[in-house]
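Please look through the sequence and the model shown here, and keep both in view while reading.

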Amino acid sequence: MKTKYLKTSAAIAGIVLGLAASGTAWAQDAVNLRMTIWSANEAHLAMFNEIAEGFKATHPNVTVSFEPLPFDSYTTTLTTQIAGGNPPDLAWILETTAADFVNSGALAPLSDAFAATEGYDIADVSEKATALWTRDGQLYAYPFSTSPFALFVNNDVITAAGAKTPAELIASGEWTWDNAFATAATVGQSGKTGLVVRDFKYQVWQNLASIWNGWGATPWSEDGKTCTFADQPMVDAMTAIHKAIFTDKAMPGPGEDIDFFAGETGMTITQISRASLLPTENPFDWDLVPLPAGPVGEYAVVGQAGVGAFAAGANVDTAVAFLAYMTNPENSQKLAQFFPPARASLLNAETLAATNPLLSAEQIDNVVISGISNGVVLPGHTNFAQIQQTIRASLDSLWVADADVAAVLGNVCSSVSPLLAR
């Protein structure tokens, strides 16, 4: 039976072969650049439009429009546009599919253009931040957002349930996953929801890295060729997660769609850029804390997004010029209001406090700066769309109360190993 989903890498490679050769459009001809993004947040769009207007001041013939696509289907929609011969000029790219986009030849090289842009200072962006987006020493996408995963906390819900808040556990040196699950279980038994891994929804399994990294677990080996789901660290981590869901009621079960920001949940794991969702009407007493320590100690996980220009677009030079403008030091500071920056010069409490007024100095230092400096990026792989779907399907049998965790994870490796070995 043929698979029904679009293979990301094949769709991306199709752009290189299937579209007309690019031509520059600097002259005075009108140039309309289209950039796909996965946010329809009004504050985000207002900031992007402000940056686009700044570019237009020196490029009056250029108009940049931003096209929000739903996050859940973002990559599928983007690769469908590419396969259909209608790619955007620029696009946000998820860390999970970075390898597909970078290695396919779909993206325009950026290093020379950035180096030639006055005041750009590419050396300000660390090699760690650009690693996913670089091939053979050439940068193909700029890591505009390096956002740590952390826990947003509703102290009102936790206190009402009679549980210890994360702040109390941190103060006593007891902020561990055992105690975090215990707090979540107490909240769950009170009739509220204890802990939600945002965007997981029993489908986006890679978001569970925000938990399993605390056990030292990984989905595959460092070279990406060997499945490690069945290794003991992952078995232990998934056993703890399974117990939290089905025994302790610390986490919502399959089919429950819970939004922490609606105010009825004790804690949620998500990226700090979601602070914009905190309610301004009927606010609750909230906190932002690092991920709890796991059996391997303290750790951090980051989600990263890059933005690239497509090599076969009709206006590739203009698109690259806009990308250089969008990510220069001045505009990177604007982006830092919502998207934690990769530039070392911006990773300080003074800058981040000015662009993130909701966060305290302690939160900025202990969660944002520490997370970006020390965090491991979410797992990604070439041909990630097929791998993601294969693992998701294999994990379905884990999400029942009487699941044999080790057996299920062994089946995951049986299913995905041929894909990893390609």
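The paragraphs below go through a helix pair, aromatic pairs, a disulfide and a few single residues.

The model is predicted. Two packed helices are described by the angle between their axes and the distance between the axes. Here helix α2, residues 42-58, packs against helix α12, residues 316-326, at an angle of about 115°. Their axes lie 10 Å apart, and α2 crosses α12 in a right-handed sense. On the α2 side, the residues that meet α12 are Phe-48, Ile-51, Ala-52, Gly-54 and Phe-55. On the α12 side they are Thr-318, Ala-321, Phe-322, Tyr-325 and Met-326. Sorted by class, this contact of α2 with α12 has eight nonpolar and two polar residues, and no charged ones.

Phe-48, part of that contact, also belongs to an aromatic cluster together with Trp-38, Phe-66, Phe-71, Tyr-74, Trp-92, Phe-144, Phe-338 and Phe-339. The structure holds 28 aromatic pairs. One of them is formed by Trp-38 and Tyr-74, with 5.1 Å from centre to centre and 85° between the planes, an edge-to-face arrangement. Trp-38 sits in the loop between β1 (31-37) and α2, and Tyr-74 in helix α3 (residues 74-83), so the pair ties together parts that are 36 residues apart in sequence. Tyr-74 has a relative accessible area of 1% and is buried.

A second pair is that of Trp-205 and Phe-229: the ring centres are 5.8 Å apart and the planes stand at 75°, so this pair is edge-to-face. It links distant parts of the chain, with Trp-205 in the loop between β7 (193-197) and α10 and Phe-229 in the loop between α10 and α11, 24 residues apart. Are these two residues buried or exposed? Trp-205 counts as buried because its relative accessibility is 1%, under the 20% cut-off. Phe-229, with a relative accessible area of 0%, is buried.

The loop that carries Phe-229, between α10 and α11, also carries one end of a disulfide, Cys-227. How many disulfides does the structure hold? There is one, and it joins Cys-227 to Cys-413 with an S to S distance of 2.0 Å. The link of Cys-227 and Cys-413 has -75° about the S-S bond and is left-handed. The pair connects distant parts of the chain: Cys-227 is in the loop between α10 (209-212) and α11 (232-246), Cys-413 is in helix α17 (residues 405-420), and they are 186 residues apart. Both Cys-227 and Cys-413 are buried.

Ala-401 is placed in the loop between α16 (384-395) and α17. At 58% relative accessibility Ala-401 counts as exposed. Leaving aside neighbours within four places in sequence, Ala-401 is in contact with His-242 and Phe-246. Ala-401 and Thr-247 are 154 residues apart in sequence, while their C-alpha atoms are 7.8 Å apart in space.

Next comes the region of α9 and β7. Val-187 lies in helix α9 (residues 177-189) and counts as buried because its relative accessibility is 0%. Beyond neighbours within four places in sequence, Val-187 is in contact with Val-157, Ile-158, Ala-161, Lys-192, Thr-193, Gly-194 and Gly-266. The C-alpha atoms of Val-187 and Met-267 are separated by 9.5 Å, with these positions 80 residues apart along the chain.

Lys-192, one of the contacts of Val-187, lies in the loop between α9 and β7. Lys-192 has a relative accessible area of 37%, so it is partly exposed. Not counting residues up to four places away in sequence, Lys-192 touches Val-157, Val-187 and Glu-264. Lys-192 and Gly-173 are 19 residues apart along the chain, and their C-alpha atoms are separated by 26 Å.

The last two residues concern backbone geometry. Most residues other than glycine have a negative phi. Where are Asp-199 and Lys-201 placed? Asp-199 is in the loop between β7 and α10, and so is Lys-201. Asp-199 has a positive phi near 70° and is not a glycine. The phi of Lys-201, also not a glycine, is positive at about 50°. Lys-201 is partly exposed, with a relative accessible area of 45%. The loop between β7 and α10 is also the place of Trp-205, the buried partner of Phe-229 in the aromatic pair described above.

How values were computed:
Residues numbered from 1 in each chain as written. Predicted model: local features only at pLDDT ≥ 70, side-chain atom pairs only at ≥ 80, totals over all residues. Heavy atoms only, no water. Helix = DSSP H or I, 4+ residues; strand = E, 2+ residues; numbered from the N terminus. Buried < 20%, exposed > 50% of the residue type's maximum accessible area, 1.4 Å probe, protein only. Contact = heavy atoms within 4.5 Å. Axes fitted to C-alpha atoms, helices over the stretch in contact; angles between N-to-C directions. Left-handed = near helix turned anticlockwise from the far one by under 90°. Nonpolar A, V, L, I, M, F, W, Y, C, P; charged D, E, K, R; others polar. Disulfide = S-S within 2.5 Å. Phe/Tyr/Trp six-rings, centres within 6.5 Å; stacked < 30°, edge-to-face > 60°.
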